[in-house]
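Work through the exercises below with the coordinates open. Each task is followed by its solution in steps.

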Amino acid sequence: MNSPVLTQLIGGLASGDVEIVDLTTRLSANTPTLQLPAPFANLVDFGLEQVSAYDEPGPFWKHHNIRTGEHVGTHLDAPVHWVTGKGGRDVSQIPMSRLVGPAAVVDVSAEVGKDPDFLLEVEHIRAWEAEHGPLENGSWLLLRTGWDQYGHDQDLFLNTDENGSHTPGVSAECARWLAEDSPVSGFGVETVGIDAGNAMSLDPPFPVHHHLLGNDRYGVTSLRNLAQLPPTGAVVVVSPLPILDGTGSPARVIAFVDRRAEEPRA
Ligand code: MN
């Protein structure tokens, strides 16, 4: 038995025509993490604890314990993370078929360069669709903001002042549209969370969490290297750990890009 599709994929990977782009932030104790203001409780940062290193506790091997919040680094938000998704899927219950799909990369990095509080509106997506074609069923809308350039520094990444955090995101109406009227499986961002830094002040608060997780759509954060993806044509793979009852999980996120392919015209 032979699969032409998989044979072509393997051939493309071997020749280098199909590139795998790693969209994942490295995990360490220094990985930037969300910091909720008092009185809210924060998760622990990622931590690595050595158990043995080719020594007495383990003479032939090295291994560690890891300790981490679910929502640390590049991670997936599952529906049960939000009150609107209560009773919905935990991270182990999301079908892999919804975590693999076409990537639609919407680049607003120029706008964000002028205004870190930039919010994506439906009209921006409509303009993108006019150029690149309609959003596909089961796709992941990946919001390119340029924010990954700050991923090495917690303060730059969170960009907080006396008025709160200033990082780009999505308007309440656009979040509702994505969740209820668009065919996307999920939404990915380069920032620390799927909502804008000032999203507490929107109506509803944290509208991307509210609408997407309440409609069995998923979110992924802290993506890197979106600049290496074409607007359409890449295939994204989001791979969280299947934690039973988990509200999210650090995830390895990759994209397959066929460098021979021209972007299809609308
Ligand atoms: Mn999260």
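**Exercise 1.** Determine whether N159 is buried, partly exposed or exposed, and describe its backbone.

Step 1. The relative accessible area of N159 is 29%, so this residue is partly exposed; buried means under 20% relative accessible area, exposed over 50%, and partly exposed in between (1.4 Å probe, protein chains only).
Step 2. N159 sits in the loop between α4 and β8 (160–161); helices (H or I, at least four residues) and strands (E, at least two) are DSSP runs, numbered from the N terminus.
Step 3. Its phi is near 50°, a positive value in a residue other than glycine.
Step 4. Most residues other than glycine have a negative phi.

The model is predicted: local features need pLDDT of at least 70, side-chain atom pairs count only at pLDDT 80 or more, and totals for chains, interfaces and linings use all residues. Residues are numbered from 1 along each chain as its sequence is written, and side-chain values use heavy atoms, with hydrogens and water left out.

**Exercise 2.** Carry out the analysis for D216.

Step 1. D216 belongs to the loop between α6 and β12 (218–220).
Step 2. Its phi is positive, near 55°, and the residue is not glycine.
Step 3. With a relative accessible area of 24%, D216 is partly exposed.

**Exercise 3.** Locate the cis peptide bonds that precede P39 and P204.

Step 1. Between A38 and P39 the peptide bond is cis, with omega near 10°.
Step 2. P39 is placed in the loop between β1 (18–22) and β2 (47–55).
Step 3. D203 and P204 are also joined by a cis peptide bond, where omega is about 0°.
Step 4. The loop that holds P204 runs between β11 (186–188) and α6 (207–214).

**Exercise 4.** Which protein atoms are donors of the manganese ion, and what spacing do the donors follow?

Step 1. Donors are N, O and S atoms within 2.8 Å of the metal (3.2 Å for Na, K and Ca); water is not among the atoms, so sites may look incomplete.
Step 2. The protein donors are H71 (ND1), H75 (NE2) and D77 (OD), at 2.0 to 2.3 Å from the ion.
Step 3. Along the chain they follow H-x3-H-x1-D.
Step 4. H71 counts as buried at 14% relative accessibility, and D77 counts as buried at 2%.

**Exercise 5.** Describe the largest pocket and its lining.

Step 1. On a 1 Å grid over the protein atoms alone, a pocket is an open set of points where a 1.4 Å probe fits, with protein on both sides within 12 Å along at least five of seven lines; lining residues have an atom within 4 Å of a point.
Step 2. The largest pocket holds about 940 Å³ of space.
Step 3. Its lining has 37 residues, and L34, Q35, L36, P37 and F206 lie nearest the centre.
Step 4. Two or more lining residues come from each of β4 (75–77), α4 (154–158) and β9 (164–165).

**Exercise 6.** Classify the aromatic pair formed by W147 and Y150.

Step 1. Rings of Phe, Tyr and Trp (its six-membered ring) pair if their centres lie within 6.5 Å; planes under 30 degrees apart count as stacked, over 60 as edge-to-face and the rest as tilted.
Step 2. The count by this rule is three aromatic pairs.
Step 3. W147 and Y150 are 4.7 Å apart centre to centre with 70° between the planes, an edge-to-face pair.
Step 4. W147 counts as buried at 4% relative accessibility, whereas Y150 counts as partly exposed at 25%.

Notes: Points joined across faces, edges and corners; volume = space filled by probe spheres on them.
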